[in-house]
Amino acid sequence: MAKKKIGLIGAGNIGGELANLALTKQLGDVVLFDIPAKEKFAKGKALDLEQATALSGSDGKATGTSNWADVAGADVLIVTAGIPRKPGQSRDDLVATNLPIIRDVADNMKKHCPDAFVIVISNPLDAMVYELKRRTGAKREKVVGMAGVLDSARFALFLARALDASIKDVRAMVLGGHGDDMVPVLSACTINGVPVRELLAKDKLDAIIARTRKGGGEIVELMGTSAYYAPASSAIAMAEAYLLDQKRLLPGAAYLDGEYGYKDLYMGVPIVIGAGGVEKILEVKLSDEEKEMLKKSADSVQKVVDVVKKST
Ligand SMILES: NC(=O)c1ccc[n+]([C@@H]2O[C@H](COP(=O)([O-])OP(=O)(O)OC[C@H]3O[C@@H](n4cnc5c(N)ncnc54)[C@H](O)[C@@H]3O)[C@@H](O)[C@H]2O)c1
């Protein structure tokens with residue numbers, strides 16, 4: 001079987017860690033793409049990563065480029081092109097800068113890798129993945145946004161620490177948009193099947209939910225830029241599910257066409273990822289409170305999407 005090709009659009013902090021994980025996990029060859037001003041940087045990063053394969057034993061190759069022709073035919077594209085948040089900024093503050101960048105990526109993607117499975121990470125996530133799908137006209141099965149896996153990982157970690165439980169046993173799910181209105185779904189949170197509500201008092205759970213919602217901001221305040229290790233691990237879990245046809249049930253930003261009562265909107269919902277891309281969108285039963293939270297989150301996403309639509 002031919003090796004898979006993974007195009008990483010944006011060779012910054014997340015791009016570098018994506019490449020590292022893809023090579024270490026032997027998912028295929030990676031191409032680190034960035035703008036011409038950053039081409040030498042992308043080439044240097046690729047060389048550094050490739051030299052590390054001499055120690056990891058991976059046969060994956062790494063290339064750095066600013067030429068879309070080198071990305072042509074990629075099986076998977078992971079898009080981190082754009083700027084990250086600085087302290088005090090919201091994700092939505094990035095829309096003016098990142099929208100033209102996503103449009104540029106969409107046009108080149110359509111031309112050079114129309115069949116790729118695309119995972120968008122750039123913020124504001126739900127609006128950027130919406131625009132990439134709209135502009136390329138790609139099928140909804142092939143374009144997904146990464147946020148829910150990361151937000152759920154943060155939620156799971158905080159629960160594990162509060163309960164002094166093994167992270168391996170925590171099942172946690174965060175749905176909705178990738179913003180402060182995201183929806184941690186308590187009814188789906190268990191420690192290997194035991195509902196967390198039976199294990200933690202309400203005030204403690206409320207504090208964990210509040211910390212999860214601000215989980216990205218907490219790191220931006222500490223580092224002066226946004227997180228990259230956990231975001232990269234999250235997107236690689238999605239890429240791996242596609243490349244290895246794992247049929248994983250993960251929360252991901254999917255294009256909704258009536259599901260959960262929403263149309264023409266990208267938002268985090270439980271999806272199944274396998275060789276067909278987003279093979280299923282699952283409509284799980286939510287409590288009335290969770291439905292209300294999802295509505296608030298959808299309204300927030302819609303506001304940013306409206307800004308995007310107006311500027312076409
Ligand atoms: N979805 C999530 O859960 C999540 C989590 C963390 C960060 N993010 C977002 O991911 C994005 C990337 O974060 P980062 O920390 O890697 O930033 P970074 O600044 O380290 O890297 C971004 C790279 O994109 C490049 N770029 C700019 N325009 C481009 C273009 N037209 N084509 C290709 N590359 C281009 C930049 O030169 C830069 O190297 C940010 O928008 C950030 O807010 C999303």
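The buried residues of helix α9 pack against α3, α4, β8, β9 and β13 (263-274), and this is a good place to start a tour of what is a predicted model. Which residues of α9 are the buried ones? They are E290, L294, S297, A298, V301, V304, V305 and V308. A general point helps in reading such a list: an α-helix has 3.6 residues a turn, so residues three or four places apart point the same way. Helix α9 itself covers residues 288-310, and its 23 residues should span 33 Å at 1.5 Å a residue. The C-alpha atoms at its ends are 33 Å apart, which agrees with that expectation.

Two of the helices that α9 packs against, α3 and α4, bring us to the charged side chains. Side chains of opposite charge can pair when their charged atoms come close. In this model the count of salt bridges comes to 17. One of them joins R103 and E131, whose closest N and O atoms are 2.8 Å apart. R103 lies in helix α3 (residues 95-112) and E131 in helix α4 (residues 125-136), so this pair ties together parts that are 28 residues apart in sequence. Are these two residues buried or exposed? R103 is buried, with a relative accessible area of 12%, and E131 is buried too, at 0% relative accessibility. The pair also belongs to a network of salt bridges that links R103, E131 and R134.

Another salt bridge can be found by looking at the start of the chain. K3 pairs with D29, with 2.9 Å between the closest N and O atoms. Because K3 sits in the segment before β1 (5-9) and D29 in strand β2 (residues 29-33), the pair ties together parts 26 residues apart in sequence. K3 counts as partly exposed, with a relative accessibility of 45%.

A salt bridge can also sit inside a single helix, as K43 and E39 show. Their closest N and O atoms are 3.9 Å apart. Both residues belong to helix α2 (residues 39-56), where being four residues apart separates them by about one helical turn. K43 is partly exposed at 43% relative accessibility, and E39 is partly exposed at 24%.

Now let us turn to the ligand. Which residues come nearest to it? Of the 29 residues around the ligand, these are N13, D34, K38, I83 and M146. The side chain of D34 has an N or O atom 2.6 Å from an oxygen atom of the ligand. The backbone takes part as well: an N or O atom in the backbone of I14 lies 2.9 Å from a ligand oxygen. N98 offers a polar side-chain atom at 3.4 Å from an oxygen atom of the ligand. Taken alone, the ligand exposes 860 Å², and the protein buries 91% of that. The elements giving two or more residues to the shell around the ligand are α1 (13-24) and α3. The largest share, three residues, comes from α3.

Next, look at H178, in the loop between β8 (174-175) and β9 (183-184). H178 is buried, with a relative accessible area of 10%. The side chain of H178 makes a polar contact of 2.9 Å with the side chain of D151. Beyond its neighbours within four places in sequence, H178 is in contact with R91, N123, L125, D126, A147 and D151.

D151 leads us onward, since it is also among the residues that T212 touches. Setting aside neighbours within four places in sequence, T212 is in contact with D151, F155, F158, V174 and M182. T212 is found in helix α6 (residues 202-213) and counts as buried, at 0% relative accessibility. A polar atom of the T212 side chain lies 2.8 Å from the backbone oxygen of I208.

Our last stop is V194, in strand β11 (residues 194-195). V194 counts as partly exposed, with a relative accessibility of 36%. Leaving aside its neighbours within four places in sequence, V194 is in contact with C189 and L199. Where does V194 lie relative to G64? The two are 130 residues apart along the chain, and their C-alpha atoms are separated by 47 Å.

Note on methods: Residues numbered from 1 in each chain as written. Predicted model: local features only at pLDDT ≥ 70, side-chain atom pairs only at ≥ 80, totals over all residues. Heavy atoms only, no water. Buried < 20%, exposed > 50% of the residue type's maximum accessible area, 1.4 Å probe, protein only. Polar contact = N/O pair within 3.5 Å; in protein donor to acceptor, adjacent residues only side chain to side chain. Contact = heavy atoms within 4.5 Å. Salt bridge = Lys/Arg side-chain N within 4 Å of Asp/Glu carboxyl O. Expected span 1.5 Å × (residues − 1). Near = heavy atom within 4 Å. Areas by Shrake-Rupley, 256 points an atom, 1.4 Å probe, with all protein chains shown as cover.
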